[in-house]
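Student: I've got a structure to look at and I'm not sure how to read it. Can we go through it together?

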Amino acid sequence: MVRDDLLHPLANGNKARKLDALLPLLRRRGATDLITCGGCQSAHAAAVAVHCAEWGIRSHLLLRGEQLDVPTGYNLISLMFGNVTYAAWSVYAHRDEMLYEHAMKVASTNGTVLWADDIVRDDFAVDEEILCENDSRRVVIVKEGAGTVQALLGVMRLVEHLSNLSSFQKDEEIHIVVDAGTGTTAVGLALGAVCLGLHWRVTAVMLADTLERYRELEKSLISDFKGLCHEDCRDMIRADGLVYWVDRFLPRKFGKVLSGEIATCRHVAQQTGILLDPVYTLAAWEQAVDLCRVDSRGAKVVMIHTGGTLGLFGLAQRYPQHFTAANEQS
């Protein structure tokens with residue numbers, strides 16, 4: 001297991017990986033403020049708030065729903081590090097319009113607004129002196145989950161790091177397993193493997209959308225990435241089909257927790273010292289364990305722990321009956 005849940009004490013996992021590439025680029029573009037959105041307990045929004053604070057960028061978080069009576073988990077982190085505004089479900093349903101209107105308010109009359117998706121290759125070379133030109137705000141909008149082509153680069157950096165470890169041989173067959181929310185992390189892992197010539201298969205457990213939508217996203221991200229990468233690398237990449245998208249063993253509406261899953265997370269934590277959450281990482285864990293059981297070729301199975309464990313605080317509020325003290329067994 002790749003313990004990306006240990007990258008940062010508050011904002012870790014694939015959210016930190018994406019921002020590791022995205023925030024330096026935005027800073028070079030002279031970004032003073034960043035606007036994004038997510039659910040009330042969004043790990044993405046909390047990660048943006050924490051890492052923007054570290055980079056000296058003001059974060060503005062539009063969270064779906066209403067303020068909690070007792071802020072906890074990622075909601076508490078967002079409140080401590082960022083500027084939070086709660087959005088009604090009817091408003092949140094039109095995310096792009098909501099984000100743009102809020103960004104215009106933040107930018108005011110003499111500021112500028114830029115979508116992170118609009119940053120292209122030529123923008124990578126912007127001189128940092130742009131920061132000192134004037135005091136106007138430069139507001140950048142990052143979509144929910146940071147599903148941008150630039151965020152792929154941070155995930156690909158992880159692939160490069162893993163490929164240089166002694167436990168990973170150059171020509172070794174590896175099965176990478178990851179949970180898929182937006183799907184950006186899975187695509188970044190697959191692209192990294194292709195560009196580095198690795199025999200890695202990336203299996204992504206679909207959690208939030210249909211197979212058709214994930215394949216559309218994959219095709220779009222690959223197309224955008226080809227517009228950024230070197231021509232030699234571009235010829236190595238297929239238009240789509242890099243990621244093996246699979247259903248969760250027990251499919252359900254996104255965010256729903258089934259009976260027994262919190263108990264399973266508790267069992268895994270007690271037996272291994274690894275904390276999973278039932279919405280995201282438990283799905284990848286189940287898939288990785290199954291691959292270890294059925295793969296007769298002996299390929300190494302590697303699960304990417306995408307973090308998200310602070311989400312358990314929010315789940316404890318929703319499902320308090322599942323977080324009571326269990327009877328101690330011998």
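**Strands and helices, step by step**

Tutor: Sure! Strand β7 (residues 200–206) and β8 run parallel, and 5 bridges join them. Keep in mind that this is a predicted model.

Student: Which residue of β8 does Met-206 stand opposite?

Tutor: Look along β7, which covers residues 200–206. Find Met-206 there and look across into β8: the residue opposite is Asp-247.

Student: What is the order of the strands in the open sheet?

Tutor: The sheet has 4 strands, and their pairing is parallel. β8 (243–247) and β9 (300–303) stand at the edges with a single partner strand each, so each has one side without a neighbour in the sheet. On average, neighbouring strands are turned by 25° against each other, ignoring direction. Reading across, the order is β8-β7-β6-β9.

Student: Now the helices: are α1 and α2 roughly parallel, roughly perpendicular or oblique to each other?

Tutor: Two packed helices are described by the angle between their axes and the distance between the axes. Helix α1 (residues 13–28) and helix α2 (residues 43–55) have axes 10 Å apart, at an angle of about 45°. Under 35 degrees would count as roughly parallel, and 65 to 115 as roughly perpendicular. That angle fits neither, and α1 and α2 are therefore oblique.

Student: How many residues in the contact of α1 with α2 are nonpolar?

Tutor: From α1, the contact includes Leu-19, Leu-23 and Arg-27, and from α2, residues including Val-48, His-51 and Trp-55. Sort the contact residues by kind and you get 2 polar and 2 charged, while the number of nonpolar ones is 9.

Note on methods. Residues are numbered from 1 along each chain as its sequence is written. This is a predicted model: local features need pLDDT of at least 70, side-chain atom pairs count only at pLDDT 80 or more; totals for chains, interfaces and linings use all residues. Side-chain values use heavy atoms; hydrogens and water are left out. Axes are lines fitted to C-alpha atoms, for helices over the stretch in contact, and angles run from 0 to 180 degrees between N-to-C directions. Helices (H or I, at least four residues) and strands (E, at least two) are DSSP runs, numbered from the N terminus. Angles under 35 degrees count as roughly parallel, over 145 as roughly antiparallel, 65 to 115 as roughly perpendicular and the rest as oblique. Contact means heavy atoms within 4.5 Å. Ala, Val, Leu, Ile, Met, Phe, Trp, Tyr, Cys and Pro count as nonpolar, Asp, Glu, Lys and Arg as charged, and the others, Gly among them, as polar. Two strands pair if DSSP finds at least two bridges between them.
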